[in-house]
Amino acid sequence: QVAEAVAQPLLETRRVTLVAGGNGDIGVSRLPGEILDVVTRLPAAVEALTGVSVTQVRPSPLRDVG
């Protein structure tokens, strides 16, 4: 779900300009790695900003309300 949320804005993107430092992939082949990097860093960033560890937060189970 996190990867989907990070990638969602790309669905409406018409043009992407990537700047490479000379090491590793260049061009469009670099994009999946960039998305993975954002997803990997996201839990630490959320914890630093909020004090909440997203790896320890679990949604409560759904109850049958019938």
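Which residues form a nonpolar patch on the surface? The legends below, for close-up views of a predicted model, begin with that patch.

**View 1. Nonpolar surface patch of Leu 10, Val 16 and Leu 18.** These three residues together contribute about 210 Å² of accessible area. One of them, Val 16, lies in the loop that connects α1 (2-7) with α2 (31-50). Val 16 is classed as partly exposed because its relative accessibility is 43%, a value between the limits of 20% and 50%.

**View 2. Val 19 in the loop between α1 and α2.** Val 19 has a relative accessibility of 71% and therefore counts as exposed. Its C-alpha atom is 9.7 Å from that of Arg 30, and the two residues are separated by eleven positions in sequence.

**View 3. Helix α2 and its kink at Leu 42.** The axis of α2 bends by about 40 degrees at Leu 42, shortly before the proline Pro 43. The end C-alpha atoms of α2 are 28 Å apart, which agrees with the 28 Å expected for its 20 residues at 1.5 Å a residue.

**View 4. Gly 51, just after α2.** At this position the backbone adopts a positive phi of about 80 degrees.

**View 5. The protein as a whole, for context.** The model contains two helices and zero strands. Of its 66 residues, 2% are buried. The accessible surface amounts to about 6200 Å², and carbon and sulfur atoms account for 57% of this area.

Methods: Residues are numbered from 1 along each chain as its sequence is written. This is a predicted model: local features need pLDDT of at least 70, side-chain atom pairs count only at pLDDT 80 or more; totals for chains, interfaces and linings use all residues. Side-chain values use heavy atoms; hydrogens and water are left out. Patches are made of residues with over 30% relative accessible area and no salt bridge: like charges are joined within 9 Å, nonpolar side chains (Val, Leu, Ile, Met, Phe, Trp, Tyr) within 5 Å. Accessible areas come from the Shrake-Rupley method with a 1.4 Å probe; for residues, only the protein chains shown count as cover. A salt bridge is a side-chain nitrogen of Lys or Arg within 4 Å of a carboxyl oxygen of Asp or Glu. Helices (H or I, at least four residues) and strands (E, at least two) are DSSP runs, numbered from the N terminus. Buried means under 20% relative accessible area, exposed over 50%, partly exposed in between (1.4 Å probe, protein chains only). The expected span of a helix is 1.5 Å times one less than its number of residues. The bend at a residue is the angle between axes fitted to the seven residues ending there and the seven starting there.
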